[in-house]
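Biologist: Could you take a close look at the salt bridges in this model and walk me through them one by one? I would like to know which residues pair up, where they sit, and how buried or exposed they are.

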Amino acid sequence: NRSYIADIQTESETLDYDYTDEDQPHTVSPPFNPYTESNISAVTFTLKNVNNTRVHVNITDPLSGIHSRGKQLTIRDILKKDLKYKISYHKSGSTGK
């Protein structure tokens with residue numbers, strides 16, 4: 001149950017060094033919880049049959065719109081241990097999970 005606010009600043013295309021960050025036009029967002037109010041795209045996954053009772057699932061985390069040090073971050077980079085996937089399956093003709 002975490003709430004955040006964002007201080008959104010407008011920066012000129014031509015930087016004017018006579019102004020500090022506080023002088024730039026800005027607005028504050030309403031409180032939001034990124035854990036419950038974010039739309040995250042679907043993951044990409046592959047399945048590989050290991051044997052009759054096991055399947056290997058490889059999940060590729062979706063990219064976010066956030067960049068750090070020249071790299072586009074994945075959802076896992078941001079949420080770390082808070083990111084969890086739930087995988088359910090059933091065998092054809094069976095109700096077992």
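Modeller: What follows takes the salt bridges in turn, after a word on confidence. The model is predicted, and the protein averages a pLDDT of 81, with 80% of the residues scoring at least 70; among the strands, E1 (residues 7–9) has the lowest confidence, at a mean of 82, while strand E6 (residues 71–74) has the highest, at 93. A search of the whole structure yields three salt bridges. One of them joins Arg 2 to Asp 82, whose closest N and O atoms are 3.3 Å apart. Because Arg 2 lies in the segment before E1 and Asp 82 in the segment after helix H1 (75–79), this pair ties together parts that are 80 residues apart in sequence. Both ends are partly exposed, Arg 2 having a relative accessible area of 40% and Asp 82 one of 38%.

Another salt bridge brings together the side chains of Arg 76 and Asp 61, at 2.7 Å from N to O. This pair, too, links distant parts of the chain, since Arg 76 belongs to helix H1 and Asp 61 to the loop between strand E4 (55–60) and strand E5 (63–68), 15 residues apart. Here Arg 76 is partly exposed, with a relative accessible area of 36%, whereas Asp 61 is buried, at 16%, a value under the 20% cut-off for burial.

In the remaining salt bridge the side chains of Lys 71 and Asp 77 meet at 3.4 Å, N to O. Lys 71 counts as partly exposed at 45% relative accessibility, and Asp 77 likewise counts as partly exposed, at 26%.

Note on methods
Residues numbered from 1 in each chain as written. Heavy atoms only, no water. pLDDT = per-residue confidence, 0-100. Helix = DSSP H or I, 4+ residues; strand = E, 2+ residues; numbered from the N terminus. Salt bridge = Lys/Arg side-chain N within 4 Å of Asp/Glu carboxyl O. Buried < 20%, exposed > 50% of the residue type's maximum accessible area, 1.4 Å probe, protein only.
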